[in-house]
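User: Please take one part of the structure shown below and examine it closely, ring by ring if the geometry allows. I should like a single connected account that starts from the criterion for burial and then places the chosen part in its wider setting.

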Amino acid sequence: MMDNRFATALVIACVLSLISTIYMAASLGTDFWYEYHTLSPAENITEAGRSIWEEFVSEEADEKTYTDALFRCNGTVGLWRRCITVPKNSHWYSPPETDMTTNCISFSLSDQFMEKYIEPGNHNSGTDLNRTYLWRLQFLLPFVSLGLMCFGALIGLCACACRSLYPAIATGVLHFLAGLCTLGLVGCYVAGIELLHKKLPLPGDVRGEFGWSFCLACVSAPLQFMAAALFIWAARTNRKEFTLLKAYRVA
């Protein structure tokens, strides 16, 4: 029979694991990892701004081109997509309007593994290895994290079927590794943004900040670590007490 302490710890660990998985999935699927806010009203976009928007939606847009558009058009960036906010009617003969719309372009798989250049937009400047591998890691690590947690959940179900707490140690270890991946993802993203802004500084009238999608990933990592600690503690302590009890009965 399982002690109430261990049962409570397992229930709390499962709840923390579920919440962290939801947060991680929501963070992965949304576009608000980083947000740009310009002081200039979006409806006053000039003809040059409209041409930047047209280049932004082009499949051939390079890093400098779409980053400039993000600066000027209240852009947001996720792990999968980049978005800008523009007037619904952007024809030159139309009067300025306050109705705005958000247009998003997805990063293709080739974009995720594309080389980053020392001078963004200049293919002849050489490859920036730091930014290249940071970008690739921030794409791969969330999938590794979610995969580890799902595998840990399967082991937990097997433990329930076997009516044994000992496999929960493996579940805890996998959650700990998932937390490290999530923490690595956050670190890679922050480092990548900082390096990009050193290459392409923010204009004076533009303010950048991390968005709520990024915050969800930041919250997910400690939840995974707490779930891992509870799983490992419950499994090890229950195993130790069971061994002592068995030895006492034999004696």
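Analyst: A residue counts as buried when its relative accessible area is under 20%, as exposed when that area is over 50%, and as partly exposed in between. The model is a predicted one, and the part chosen here is Phe214, whose relative accessible area is 8%. Because 8% falls under the 20% limit, Phe214 is classed as buried.

Phe214 belongs to helix α7, which covers residues 212-250. The unreviewed UniProt entry lists residues 212-235 as a "transmembrane region", alongside residues 139-161 and 173-192. In the model, the span 212-235 is 100% helix and 0% strand, with 35 Å between its end C-alpha atoms. For residues 173-192 the helix content is likewise 100%, with 0% strand, and the end C-alpha atoms are 28 Å apart.

The ring contacts of Phe214 come next. Over the whole structure, a search returns 16 aromatic pairs. A pair of rings is characterised by two quantities, the centre-to-centre distance and the angle of the planes. Tyr189 and Phe214 have ring centres 6.2 Å apart and planes at 35°. Since an angle under 30 degrees would count as stacked and one over 60 as edge-to-face, the value of 35° makes this pair tilted. The contact connects distant parts of the chain: Tyr189 lies in helix α6 (residues 168-199) and Phe214 in helix α7, with their positions 25 residues apart in the numbering. Both partners, Tyr189 and Phe214, are buried.

A second partner of Phe214 is Phe210. Here the ring centres are 4.4 Å apart and the planes make an angle of 25°, and the pair is stacked. In accessibility, Phe210 has a relative accessible area of 29% and is therefore partly exposed, whereas Phe214, at 8%, is buried.

These contacts form part of a wider assembly. Tyr189, Phe210 and Phe214 belong to one aromatic cluster together with Trp33, Tyr34, Tyr36 and Phe71. Another long-range relation of Phe214 concerns Thr30: the two residues are 184 apart in sequence, yet their C-alpha atoms lie 9.4 Å apart in space.

Through Phe71 the cluster also leads to helix α3, in which Phe71 is one of the buried residues. Helix α3 spans residues 63-72, and 7 of its 10 residues are buried, so α3 is largely enclosed by the rest of the structure. Besides Phe71, the buried residues of α3 are Glu63, Thr65, Tyr66, Thr67, Ala69 and Leu70. At the start of this helix, a side-chain oxygen of Asp62 comes within 3.3 Å of the backbone nitrogen of Lys64. Beyond its end, Asn74 lies in the loop between α3 and β2 (76-77). Asn74 adopts a phi near 50°, a positive value in a residue that is not glycine, and its relative accessibility of 23% makes Asn74 partly exposed.

Helix α3 also shares a cavity lining with α6, the helix of Tyr189. The whole structure contains 2 cavities of 30 Å³ or more, and the largest cavity holds about 190 Å³ of space. Its lining comprises 15 residues, of which Glu63, Trp135, Gly192, Ile193 and Leu196 are the closest to the centre. The elements that contribute two or more residues to this lining are α3, α5 (129-162) and α6.

Two of the residues just named also have rings beneath a cationic side chain. Arg82 lies over the face of Tyr66 at 4.3 Å from the ring centre, and the charged end of Lys116 sits over the ring of Trp135, 3.9 Å from its centre. Helix α5 also carries Cys150, which is partly exposed at 48% relative accessibility. The C-alpha atoms of Cys150 and His175 are 9.3 Å apart, with a separation of 25 residues along the chain.

For the overall setting, the protein has 7 helices and 5 strands, arranged from the N terminus as α-β-α-α-β-β-β-α-α-α-β-α. Of its 251 residues, 41% count as buried. Phe214 is thus a buried residue of helix α7, with a tilted partner in Tyr189 and a stacked partner in Phe210.

Terms used: Residues numbered from 1 in each chain as written. Predicted model: local features only at pLDDT ≥ 70, side-chain atom pairs only at ≥ 80, totals over all residues. Heavy atoms only, no water. UniProt positions renumbered as here; feature names shortened; annotations may be inferred. Helix = DSSP H or I, 4+ residues; strand = E, 2+ residues; numbered from the N terminus. Phe/Tyr/Trp six-rings, centres within 6.5 Å; stacked < 30°, edge-to-face > 60°. Buried < 20%, exposed > 50% of the residue type's maximum accessible area, 1.4 Å probe, protein only. Lys NZ or Arg CZ within 6 Å of the ring centre and 35° of its normal. Polar contact = N/O pair within 3.5 Å; in protein donor to acceptor, adjacent residues only side chain to side chain. 1 Å grid on protein atoms, 1.4 Å probe; cavity = no way out; pocket = protein on both sides within 12 Å on 5 of 7 lines; lining within 4 Å. Points joined across faces, edges and corners; volume = space filled by probe spheres on them.
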